[in-house]
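Q: I am new to this structure. Please take one part, look at it closely, and then work outward from there.

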Amino acid sequence: MPRTLFALVLGFLSIAGFAQSGGPRTLPELKADIQERADRNAYPVSGLEAAEVKEALGKLKTLDRDEWAAAWSAIGDRHMAQAKQSASDKALASKHYKYAFEYYLFARFPLENSPGKEKAYEKALEAFAAYARIPYPPIEIVRIPFEGKEIVGYLRLPINVRPAPLVVTIGGLDGRKENAAFRNDAYLAQGVAYLAVDMPGTGQSTIRQVVPGAEREFTRVLDYVATRKDLDARRVVVYGGSWGGHWAARLAYTEQKRIRGAVVQGGPVHEYFQPGWQKEAIKTREYLFELFEARAAIYGAKTLDEFLAYGPKMSLKTAGWLEKPSAPMLVINGMKDTQVPVEDVFLLMRSGSPKDVWINPQGGHMGRNKEISDQKIFETVTLPWVVRMLK
């Protein structure tokens, strides 16, 4: 059976007609949407060049997953070769390694569910590792022993600030720690270090399935931070975007005494996990394709029924967390989010300790829209709050 990008197989799902009733795009529609986002530098192609996006889209003739991976990986390969040829020019090599990473990562978007996509992810990690060796201050690839495995993270410290305050950033459903590392560079100018890690069920996380209690992986990260003399374990903020926001919220409760605060941007809390919401949300066109596949994969669910039954066990409300004291939280989202209900923001606002809240009345997921980009929210809302909590 062809590995199509988002043609939901009726035998795979438990409700007849689902594939026809929702939001999957035709190939021309998908190409047009991706190019439009690339032209305005919008997620999830904000790191790509519009002209090269057009080039890759021109190679796509079907929705086969491996064909998708090959089209974007070809451009990644070109940048990788250019980076190696530019070894004597560190700035130029760094630029091409970054581009190579971005194209490889989009080649496996939103998850590694075919041989071609798996290979693309391997290449993405190789490209980032090559990139990490170049900049100053350096990006340290840390490996933290945990339950017989290793948590892999990217640590970067500001110049001449010791011990440095720290922001720990957690990847999302389709984003990875490498994406966060590029954005996190802005913290260095504020005298703040960062440590970027993947969330459970994705990337290089040691925990391969989302379960209540999987936040223990991040507890281990905080334990590790406390062993570093160059980091100030008393000044740590946690950030999570989208699904990563769920873990940031959990840590606000479970690690209340060890962290200065948590940013929960578009994070699932309770309503997100309810079957009624998910049945509609997985059809949204706010997400490019394969949203159901990506969400089901982190649960280990094989059918829609399994997926819908699994979700509620992750609810913070059902688990009794919301009324408990928490570390300070900054909660961010858009009123028109079709992926994570804004009601989850309201639940956090109405419960437990006081929260800081930023809501874009016209915003979609994570609060973004055409007028207010992810980068603008980061620069004007997230970064200032994080720095204030740490200083």
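A: **One loop residue and its surroundings**

Ala327 is buried, with a relative accessible area of 1%. Buried means under 20% relative accessible area, exposed means over 50%, and partly exposed lies in between, with a 1.4 Å probe and protein chains only. The model is predicted: local features need pLDDT of at least 70, side-chain atom pairs count only at pLDDT 80 or more, and totals for chains, interfaces and linings use all residues. Residues are numbered from 1 along each chain as its sequence is written, and side-chain values use heavy atoms, leaving out hydrogens and water.

Where does Ala327 sit? Its place is the loop between helix 12 and strand 7 (329–334). Helices (H or I, at least four residues) and strands (E, at least two) are DSSP runs, numbered from the N terminus. Leaving aside neighbours within four places in sequence, Ala327 is in contact with Ala252, Gln256, Ile259 and Gly261. Contact means heavy atoms within 4.5 Å. Lys355 is 28 residues from Ala327 along the chain, and their C-alpha atoms are separated by 9.1 Å.

Now take helix 11, residues 291–299. Here 8 of the 9 residues are buried, so helix 11 is largely enclosed by the rest of the structure. The buried ones are Leu291, Phe292, Glu293, Ala294, Arg295, Ala296, Ile298 and Tyr299. What covers them includes helix 4 (65–85), helix 9 (243–254), helix 10 (275–281) and helix 12 (304–310). Gly300 follows helix 11, and its phi is positive, near 75 degrees.

Tyr299 also appears in the largest nonpolar core. That core has 87 residues, of which Ile34, Trp72, Trp243 and Tyr299 touch the most other members. Helix 9 gives the most to this core, with 7 residues. A nonpolar core is a set of buried Ala, Val, Leu, Ile, Met, Phe, Trp, Tyr and Cys residues joined through side-chain atoms within 4.5 Å. Not counting residues up to four places away in sequence, Trp243 touches Gly172, Leu173, Met199, Val210, Pro268, Tyr272, Phe273, Ile298, Tyr299 and Met314. A second, separate core has 40 residues, including Met80, Phe101, Leu188 and Tyr239.

Next comes helix packing. The axes of helix 4 and helix 5 lie 8 Å apart, at an angle of about 165 degrees. Axes are lines fitted to C-alpha atoms, for helices over the stretch in contact, and angles run from 0 to 180 degrees between N-to-C directions. The pair is therefore roughly antiparallel. Angles under 35 degrees count as roughly parallel, over 145 as roughly antiparallel, 65 to 115 as roughly perpendicular, and the rest as oblique. Helix 4 meets helix 5 through residues including Trp68, Trp72 and Met80, with Tyr97, Tyr103 and Phe106 among their partners in helix 5. By class, this contact of helix 4 with helix 5 has 14 nonpolar, 5 polar and 2 charged residues. Ala, Val, Leu, Ile, Met, Phe, Trp, Tyr, Cys and Pro count as nonpolar, Asp, Glu, Lys and Arg as charged, and the others, Gly among them, as polar.

Helix 5 (residues 90–107) also packs with helix 7 (residues 177–188). Their axes come within 11 Å and cross at roughly 140 degrees. Helix 5 and helix 7 are therefore oblique to each other. Lys98, Phe101, Glu102 and Leu105 in helix 5 meet Glu178, Asn179 and Phe182 in helix 7. The residues of this contact divide into 3 nonpolar, 1 polar and 3 charged.

Last, some backbone details. Most residues other than glycine have a negative phi, and most peptide bonds are trans. The peptide bond from Tyr43 to Pro44 is cis, with omega near 0 degrees. Pro44 is in the loop between helix 2 (27–39) and helix 3 (50–59). Another cis bond runs from Arg162 to Pro163, with omega near -5 degrees. Pro163 is in the loop between strand 2 (149–156) and strand 3 (164–170). Asn160 is also found in the loop between strand 2 and strand 3. Its phi is positive, near 60 degrees, though Asn160 is a residue other than glycine. At 74% relative accessibility, Asn160 counts as exposed. Glu147 is not a glycine either, yet has a positive phi of about 50 degrees. Glu147 lies in the loop between strand 1 (140–146) and strand 2, and at 52% relative accessibility counts as exposed.
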